[in-house]
Structure formats: C-alpha cells, structure tokens
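Please look over the sequence and the model shown here before reading on. The paragraphs that follow lead from the sheet to its surroundings, and then to a few single residues.

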Amino acid sequence: MLIVMAGLPGTGKSTVAEASAAALGLPVVSVDPIESSILSAGIDADQPTGLAAYLVAETIAEAVIASVGGVIVDAVNAVEPAREQWLKLAARRGIPIRFVEVVCSDEGVHRARLEARGRQLAHLAEPTWHAVEQSLDEWEPWTGESGAVPRITVDSVQPVPVLVDQLVAFVRS
C-alpha cells in the first residue's frame, strides 16, 4: 500500500508518519531531507529543488514498494499535481493508495510547534509562521482524481497514539 501524508509544515505529519510506520512495519520516504541533500550538493535554492525532491522521493518510494510492498510518503502535498504524482505511482505498481491529511486545529499549538522545530536539516531553512500562513493561500482543495481516493483527516491536537490508531484503522479498512 502507498500511504501519502499531506498537510502544512508543523502540523505533525512527520511525527504521525514515523509513529505509524513503526505500527505498520513500513518505511517512510520524506521529501524534506531529500531537498536538504539536493541543496547540500550545491544546487542553488532558486532552482526547483522542491520539485526535484518530490521526483527523487517518487523514485525511492517506487523502489521501496517493489522491495517491501508498501511505503509511507511524508510531504506537504498541497497541490493537485503533487497528489496526482502519487496516484500515478500507485497505478503503475498496482497497489492501493490512501491519503492522510494532518491538520492542527489549534493555531497557537501549531505555531508553537513550528517555532520550536529543529530538524537538523542543514541546508533547508525551517518555514516561518508567516510562510505557513501564506501557503494556506496556495493549498488546493481535494478535487479531481485525488478527491476520489480514500482520505482521512486527523487533527494533531490529539495525542500521537490516538492519531496512529486512527491512521492504522483507516488503512486497514
């Protein structure tokens, strides 16, 4: 199965992805460390490094699926083309896909998490709260093909074990 995380930076996607991966016995492919590595190779930040990171993540995810049969992809996936990328991968591999959207309904908690974050990604700056607010304007609704795929929205103000239970029950249903 291909499980695709989606949500704004700082909502808890990576935390939920990692904890769910342990519960499901699946590896995680995360876009942000890939982009940091691309930048560390000397590629200028004004280049489409985010797009490159999504494409590299897709290649890695496909290899992992071929090897172990499933993977969790950890990325913002804010726009329909990004979501369609994962749909095409699932179709190519002939496996089911599930989207997990992580939100944080408490703006104060979301902002505090974002500001306290220190992921040790040397070449990738942590987004500011202002940048997250601006990215809300770019967030596309779940329409088209991705809108027809099973998706759950989890609220990360809940404890991580509760979120993992919700995700596991959803992907097993």
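Two strands are said to pair if DSSP finds at least two bridges between them. With that in mind, the reader can turn to the sheet of this predicted model, in which five strands form an open sheet in the order E2-E3-E1-E4-E5, with parallel pairing. Strand E2, residues 28-30, and strand E5, residues 151-155, stand at the edges with a single partner strand each, so one side of each is left without a neighbour in the sheet. From one strand to the next, the twist averages 20 degrees. In general, the strands of a sheet pair through backbone hydrogen bonds, in either a parallel or an antiparallel way.

The sheet can be followed from one edge to the other. At the start of the order, E2 pairs with E3 in the parallel sense over three bridges, and Val29 stands opposite Val73 in E3. E3 in turn pairs with E1, again in the parallel sense and over three bridges, and here Val73 in E3 is the bridge partner of Val4. Between E1 and E4 there are five bridges, in the parallel sense; among the partners in E4 are Ile97, which is matched with Leu2, and Val100, which is matched with Met5. Five bridges also join E4 to E5, which run parallel, and Arg151 in E5 is the bridge partner of Phe99.

How are the residues of these strands placed with respect to the surface? In E3, Val71 and Val73 point one way while Ile72 and Asp74 point the other way, and all are buried. E4 is mostly covered as well, since six of its seven residues are buried.

Helices lie against this sheet. H2 lies across E2 and E3, and runs at about 45 degrees to E2. Helix H8, made of residues 160-172, packs on the sheet and touches E1, E4 and E5, and its direction makes about 175 degrees with that of E5.

Strands and helices come together in the largest nonpolar core, which has 32 residues, and in which Leu2, Val71, Trp86, Ile97 and Phe99 are those with the most contacts inside it. At least two residues of this core are supplied by each of strand E1 (2-6), helix H2 (31-40), helix H3 (49-68), strand E3 (71-74), helix H4 (80-93), strand E4 (97-103) and helix H6 (129-138). The largest share, six residues, comes from H3. Apart from this core lies another, of 18 residues, which includes Met5, Leu24, Leu163 and Val164.

Val71 gives a closer view of the surroundings of a single core residue. Not counting residues up to four places away in sequence, Val71 touches Met1, Leu2, Ile3, Leu26, Pro27, Val29, Ala61, Val64 and Ile65.

Elsewhere, the model has open space to examine. The second largest pocket holds about 180 Å³ of space, and of the 13 residues that line this pocket, Leu8, Thr11, Cys104, His110 and Leu136 are the closest to its centre. E4, helix H5 (107-116) and H6 each supply at least two residues of the lining of the second largest pocket.

Three single residues complete the tour. Thr49 lies in helix H3, and because its relative accessibility is 5%, Thr49 counts as buried. Leaving aside neighbours within four places in sequence, Thr49 is in contact with Glu35, Ile38, Leu39, Ile43 and Asp44.

Asn77 is found in the loop between E3 and H4, and with a relative accessibility of 0% it counts as buried. Most residues other than glycine have a negative phi. Against that background, the phi of Asn77 is near 50 degrees, a positive value in a residue other than glycine.

Is Asp137, in contrast to the buried residues just described, buried or exposed? Asp137 lies in helix H6, and because its relative accessibility is 70%, over the 50% cut-off, Asp137 counts as exposed. The C-alpha atoms of Asp137 and Ala22, which are 115 residues apart along the chain, are separated by 33 Å.

Note on methods. Residues are numbered from 1 along each chain as its sequence is written. This is a predicted model: local features need pLDDT of at least 70, side-chain atom pairs count only at pLDDT 80 or more; totals for chains, interfaces and linings use all residues. Side-chain values use heavy atoms; hydrogens and water are left out. A nonpolar core is a set of buried Ala, Val, Leu, Ile, Met, Phe, Trp, Tyr and Cys residues joined through side-chain atoms within 4.5 Å. Buried means under 20% relative accessible area, exposed over 50%, partly exposed in between (1.4 Å probe, protein chains only). Helices (H or I, at least four residues) and strands (E, at least two) are DSSP runs, numbered from the N terminus. Contact means heavy atoms within 4.5 Å. Axes are lines fitted to C-alpha atoms, for helices over the stretch in contact, and angles run from 0 to 180 degrees between N-to-C directions. On a 1 Å grid over the protein atoms alone, a cavity is a set of points where a 1.4 Å probe fits but cannot get out, and a pocket is an open set with protein on both sides within 12 Å along at least five of seven lines; lining residues have an atom within 4 Å of a point. Grid points are joined across faces, edges and corners, and a volume is the space filled by probe spheres set on the points.
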